[in-house]
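User: I have a new model open and would like to go through it with you. Could you start with a pair of strands and build up from there?

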Amino acid sequence: MQIWAAAQQEIASSEVDINANLSETALRVIQGNTTTPMVRYSHSDNEYDSRNIDSLTFNNLKKREKLIAQFTSEYKPLEIKYGGQIIQTIYYGNSPLINKLKYYPAILILILLLLSIAIYYFNQTAKSAEQNKLWAGMAKETAHQIGTPLSSLVGWTEILKSEDVNPEYIEEMDKDIKRLEIITDRFSKVGSMPKLKKTDIVAETHDAYDYLKSRSSKLINFSIKVPTNPIYVNLNSQLFGWTIENLVKNGIDAMKGKGDISVVVEMTGDNALVYVTDTGKGIPKRNHKKIFTPGFTTKKRGWGLGLSLAKRIVEEYHNGKIRVLKSNPKEGTTFLIAIKLSDTI
């Protein structure tokens, strides 16, 4: 622009002094500037003209004044003098190319940021997939290992039935054997898509509740509130019962074996809702999402599997949602499970 102004000054001088010779270089410099927007004010004529500016913008007085103010804030106006007097003032701003170049670093940083996020997300997904595969493999192997002694227990129970043994003992053993069979079946289903069928979630929740209540310490006060009418959802009973057990056992651990556990089932809109509440020490808000991550645990001897399995069962197998509804040290923690109602007849 300084070279352009010098060329403009030579032209202006030639216009004042008719005897001056105009160089070809000055003409080329003037004609070569086809991008820089500028407004030229002639002091002698009190007139404005422009280059590389839309005529509608330039001819509008308010827009022209605003444009001049913008140019003045960007660059110091160039003054063309002749004989010690200012004959022209040139206001100029950035060309469209320069304006674009100003944003390129920001765009580049944004692209790098998005690329970093994508790489991080890919690594986390790959890590999570690897962990899920590991847990699924461990679960299936556990089911396989339990199967052998379980078969022997079934045989020994049949032998005891033929002996003079208190029937109540055998009945209790049968219950535990059936329970082990259910647990084995649960572990064998991890890593594969289970079959869902139309089931009353009220009855299934009550069954899981009754079993946990009968097998838990008397220091735990259990309460349940369910509707009298059935609520049907597409469910895998064994895996859903496992989810309730994991939430209840997690609450018992948080209460250190003493406190209140409440289970509530209700229907809202298109969803069946199950609330599991304990009076434990609560979960810090920063960990509300982390607790569902495989391997994450705050327990000294925990594996971090219970809640991650619960999340997988509810969200991946049943297309539902599970989250921490509320949690604080005074009121404990409430987990919420939401599963869509069955639309099958």
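Analyst: Gladly, and please keep in mind that this is a predicted model. Strand β3, residues 78–82, pairs with strand β4, residues 85–92, in the antiparallel sense, and five bridges hold the pairing.

User: Which residue of β4 does Lys81 stand opposite?

Analyst: Lys81 stands opposite Ile86 in β4. The hairpin of β3 and β4 has two residues between the strands, and in this hairpin Gly83 takes a positive phi near 65 degrees.

User: What sheet do those strands belong to, and in what order do the strands come?

Analyst: They belong to an open sheet of four strands with the order β2-β1-β4-β3, in which the pairing is antiparallel. The edges are taken by β2, residues 47–51, and by β3, each of which pairs on one side only. Ignoring direction, neighbouring strands of this sheet are turned against each other by 20 degrees on average.

User: And how is β1 joined to its partners?

Analyst: Strand β1, residues 38–42, runs antiparallel to β2 and is joined to it by five bridges, with Arg40 standing opposite Asp49 in β2. These two strands form a hairpin with four residues between them, where Asn46 in the turn has a positive phi of about 55 degrees. Towards β4, β1 is again antiparallel and joined by five bridges, and here the bridge partner of Val39 is Tyr91.

User: Is β1 mostly covered or mostly open?

Analyst: It is mostly covered, since four of the five residues in β1 are buried.

User: What about Ile87, buried or exposed?

Analyst: Ile87 is found in strand β4, and because its relative accessibility is 17%, under the 20% cut-off, the residue counts as buried. Its C-alpha atom is separated by 5.4 Å from that of His43, although the two residues are 44 residues apart along the chain.

User: Which helix lies across this sheet?

Analyst: Helix α4, residues 61–74, lies across β1, β2 and β4, and the helix runs at about 90 degrees to β4.

User: Let's change topic. What is the order of the sheet with five strands?

Analyst: That one is an open sheet with the order β6-β8-β9-β11-β10, and its pairing is mixed. At the edges stand β6, residues 220–225, and β10, residues 321–328; each has a single partner strand, so one side of each is left without a neighbour in the sheet. From one strand to the next, the twist averages 15 degrees.

User: How many bridges join β10 to β11?

Analyst: Seven bridges join β10 to β11, which covers residues 332–340, and the two strands run antiparallel. Within that pairing, Lys326 stands opposite Thr334 in β11.

User: Which helices lie across this sheet, and at what angles do they run?

Analyst: Helix α7, residues 201–215, lies across β6, β8 (259–268), β9 (271–278) and β11, and runs at about 170 degrees to β6. Helix α8, residues 237–254, lies across β6, β8, β9, β10 and β11, and runs at about 25 degrees to β9.

User: How do α7 and α8 pack against each other?

Analyst: Their axes are 9 Å apart and make an angle of about 50 degrees. That value is neither under 35 nor over 145, and it falls outside 65 to 115, so α7 and α8 are oblique to each other. The crossing of the two helices is right-handed.

User: Which residues make the contact?

Analyst: From α7, the contact is made by Ile201, Glu204, Thr205, Ala208, Tyr211 and Leu212, and from α8 by Ser237, Phe240, Gly241, Ile244, Glu245, Val248 and Lys249.

User: Stepping back to the chain overall, how many helices and strands has it got?

Analyst: The protein chain has nine helices and 11 strands. Of its 345 residues, 34% are buried.

User: What share of the contacts is between residues 24 or more positions apart?

Analyst: Counting contacts in the protein chain with a separation of 6 or more, 65% come from residues 24 or more positions apart.

User: And what does the chain expose?

Analyst: The protein chain exposes about 22,100 Å², and carbon and sulfur atoms supply 56% of that area.

Methods
Residues numbered from 1 in each chain as written. Predicted model: local features only at pLDDT ≥ 70, side-chain atom pairs only at ≥ 80, totals over all residues. Heavy atoms only, no water. Pairing = 2+ DSSP bridges. Axes fitted to C-alpha atoms, helices over the stretch in contact; angles between N-to-C directions. Contact = heavy atoms within 4.5 Å. Buried < 20%, exposed > 50% of the residue type's maximum accessible area, 1.4 Å probe, protein only. Areas by Shrake-Rupley, 256 points an atom, 1.4 Å probe, with all protein chains shown as cover. Left-handed = near helix turned anticlockwise from the far one by under 90°.
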